[in-house]
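Here is a note for a colleague who has not looked at this structure before. Please read it with the sequence and the model side by side.

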Amino acid sequence: MTTASDTPALNIALLGGGTVGSQVARILTEDAASLTGRIGAELNLTGIFVRNPQATRDFQLPSEYYSDDVDEVMDGADIVVELIGGIEPARELILKAISQGANVVTGNKELLATHGNELYEAAAQAGVQLSFEASVAGAIPILRPLRDSLSGDKITRIMGIVNGTTNYILDQMDSTGASFNDALAEAQRLGYAEADPAADVEGQDAAAKVAILAHLAFHAPFTLDQVYTEGITDVSDLDHKSAAEAGYIIKLLAIAEQLEDPEGVVLRVHPTLLPREHPLASVRGAYNAVFVEAENVDELMFYGPGAGGSATASAVMGDVMSIAKRRLRGGPGRTHTARRELECLDIGESTTRYMVVVRAADASGVLAKVAGTFADHGVSIKSMNQTPDEASSDDEKTALLAFITHRAKESQLAQTLEATKGLDVVNEVLSVMRVEGK
Ligand code: NDP
Ligand code: HSE
């Protein structure tokens, strides 16, 4: 692995040349001299595995770089960078790279949150490194701080905006009045969305990321299917209106929290109301932000671009450089095997605040009946706002009642909602949203 000039050289094989892959190719080729200066070794991009080698790319290299023959591209690679996405063939190709003794960098959260343990074990067995900083929150360095800087502290909770596409959509809807579909189309055009944007808007992408965050924070294995997940497709105009009237904004939050009694972890992704002055409320566009709470450090916030080709390529290149340095120095790769078992609890165990909007009879005693039902189930009301109901008529006078509760268990809230629906003065429960922040 030395060149004619005696500068060590490492071969990099790139799998995927799309939004992120093409930007990694750009950095590796345009910044080659500078990268060599920083690391003391040449990083040679040897080939790019794609579906269609003839396609025109965001950053175009000479045609000989592109191939649909993966064996040719991975032959002799020291580092394989997987930026194809999805489960297969990405999983099979990463295992193949590991079996060939190559180190691997990936941004593939869906794969890691589904088959992570298989891949971490394979890498540990082979003594190679598997790095994935780009898989969570795009360009933000969040996994390395969790794994290294905070490893001496006890992390108790992680809460953040970890999907750029949905944050972009909600922000556009809130600030410009754009429609959901127009905002999604723009997010796709800007390269923020997944190949299938259902993963973004239905919350699966954020769920995969929170499973990865929880794995590193709590040192236990978690998978995508353990995350309680609600996306933003069911967020209604009434939800936005009720939130705005009460001084809140809607964000898709990913939350991983450790509970003491019962002991375990709750992982959840759902639209959430935040007070407009909350730091996460000001996260705009495709930016992400993650709060980490730990026993000694109290609270940290990480903020930056959460999606997009060149921003994500920066995180990928950070992993490539780190592996290259380790490879040149020698020594074993890092491992990510979980250290303990920690139960993933049902969302019914988690505690938060809620906004509940009901359509109810506009008559005396109604408020007391609804408030009494909340109290009967141990859910305390913090505030209530009554607004006119457009559906109200002379025959049936109704009003919209928006309640904000104090903290209560999800299971208590579920029972409260059932009982509220059964009240003769309540026509309909129109909206139920969780509330975070003070
Ligand atoms: P794109 O869809 O833009 O690119 C995917 C690339 O993989 C394309 O070059 C495509 O080839 C190639 N590819 C897809 N399927 C195959 C296959 N079966 N065989 C060979 N090549 C294939 O994806 P992104 O660049 O946006 O994302 C890549 C990864 O990075 C994903 O895991 C994504 O979740 C992750 N990521 C993306 C971010 C973003 O902002 N976009 C941010 C953080 C992570 P061809 O071009 O010929 O079709
Ligand atoms: N589709 C993802 C998002 C890309 O919008 O956040 C970054 O992981």
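The points below take up the domains, the pockets, the cavities, a helix pair and some backbone features.

1. Status and domains. This is a predicted model. Its chain is divided into domain 1 (9-140 + 310-329), domain 2 (143-306) and domain 3 (350-435). Domain 1 is thus written as two stretches, 9-140 and 310-329. Between the C-alpha centres of domain 1 and domain 3 there is a distance of 52 Å.

2. The largest pocket, position. Where does the largest pocket lie with respect to domain 1 and domain 2? Both domains give residues to its lining, so the largest pocket lies between domain 1 (9-140 + 310-329) and domain 2 (143-306). The space in the largest pocket comes to about 1200 Å³.

3. The largest pocket, lining. In total, 46 residues line the largest pocket, and those nearest its centre are Leu83, Ile84, Gly85, Glu194 and Ala195. At least two lining residues each are supplied by helix 1 (19-30), helix 5 (109-126), helix 7 (164-175), helix 9 (198-201) and helix 10 (204-218). Helix 10 has the largest share, with 4 residues. Sorted by class, the lining of the largest pocket has 20 polar, 15 nonpolar and 11 charged residues.

4. The second largest pocket. About 400 Å³ is the volume of the second largest pocket. Its lining is made of 19 residues, and Tyr228, Glu230, Val432, Met433 and Arg434 are the closest to its centre. Helix 14 (410-421) and strand 17 (426-435) are elements that each supply at least two of the lining residues. Strand 17 gives the most, with 5 residues. The lining of the second largest pocket has 10 nonpolar, 5 charged and 4 polar residues. Domain 2 (143-306) and domain 3 (350-435) both contribute to this lining, so the second largest pocket lies between them.

5. The largest cavity. Besides the pockets, the structure holds 2 cavities of 30 Å³ or more. The largest cavity has about 100 Å³ of space. Which residues line the largest cavity? They are Leu238, Lys241, Ser242, Glu245, Ala246, Met355, Val357, Asn385, Thr387, Leu400 and Ala402. Two or more of these residues come from each of helix 11 (237-245), strand 13 (351-361), strand 14 (381-388) and strand 15 (398-405). With 4 residues, helix 11 provides the largest share of the lining. The class count for the largest cavity is 6 nonpolar, 3 polar and 2 charged residues. Domain 2 (143-306) and domain 3 (350-435) each give at least three residues to the lining of the largest cavity.

6. The second largest cavity. The space in the second largest cavity is about 70 Å³. Of its 10 lining residues, Ser131, Phe132, Glu133, Arg147 and Asp319 lie nearest its centre. Helix 6 (143-149) and helix 12 (309-329) are the elements that give two or more residues to this lining. Helix 6 gives the most, with 3 residues. The lining of the second largest cavity divides into 5 charged, 3 polar and 2 nonpolar residues. At least three of its residues are drawn from each of domain 1 (9-140 + 310-329) and domain 2 (143-306).

7. A helix pair. How do helix 2 (residues 32-39) and helix 12 cross? Their axes come within 11 Å and make an angle of roughly 45°. Helix 2 is therefore oblique to helix 12. The crossing of helix 2 and helix 12 is right-handed.

8. Cis peptide bonds. Glutamate 88 and proline 89 are joined by a cis peptide bond, with omega about 10°. Proline 89 sits in the loop between strand 4 (79-82) and helix 4 (90-99). Another cis peptide bond joins aspartate 261 and proline 262, with omega about 0°. Proline 262 is in the loop between strand 9 (248-259) and strand 10 (264-275).

9. A positive phi. Alanine 137 is a residue other than glycine with a positive phi, near 60°. Alanine 137 is placed in the loop between strand 6 (130-131) and helix 6. As background to this point and the one before, most residues other than glycine have a negative phi, and most peptide bonds are trans.

Note on methods:
Residues are numbered from 1 along each chain as its sequence is written. Chains are lettered from A and ligands numbered from 1 in the order in which they are written. This is a predicted model: local features need pLDDT of at least 70, side-chain atom pairs count only at pLDDT 80 or more; totals for chains, interfaces and linings use all residues. Side-chain values use heavy atoms; hydrogens and water are left out. On a 1 Å grid over the protein atoms alone, a cavity is a set of points where a 1.4 Å probe fits but cannot get out, and a pocket is an open set with protein on both sides within 12 Å along at least five of seven lines; lining residues have an atom within 4 Å of a point. Grid points are joined across faces, edges and corners, and a volume is the space filled by probe spheres set on the points. Ala, Val, Leu, Ile, Met, Phe, Trp, Tyr, Cys and Pro count as nonpolar, Asp, Glu, Lys and Arg as charged, and the others, Gly among them, as polar. Domain bounds come from an automatic or database domain assignment. Axes are lines fitted to C-alpha atoms, for helices over the stretch in contact, and angles run from 0 to 180 degrees between N-to-C directions. Angles under 35 degrees count as roughly parallel, over 145 as roughly antiparallel, 65 to 115 as roughly perpendicular and the rest as oblique. A crossing is left-handed if the near helix is turned anticlockwise from the far one by less than a right angle, and right-handed if clockwise.
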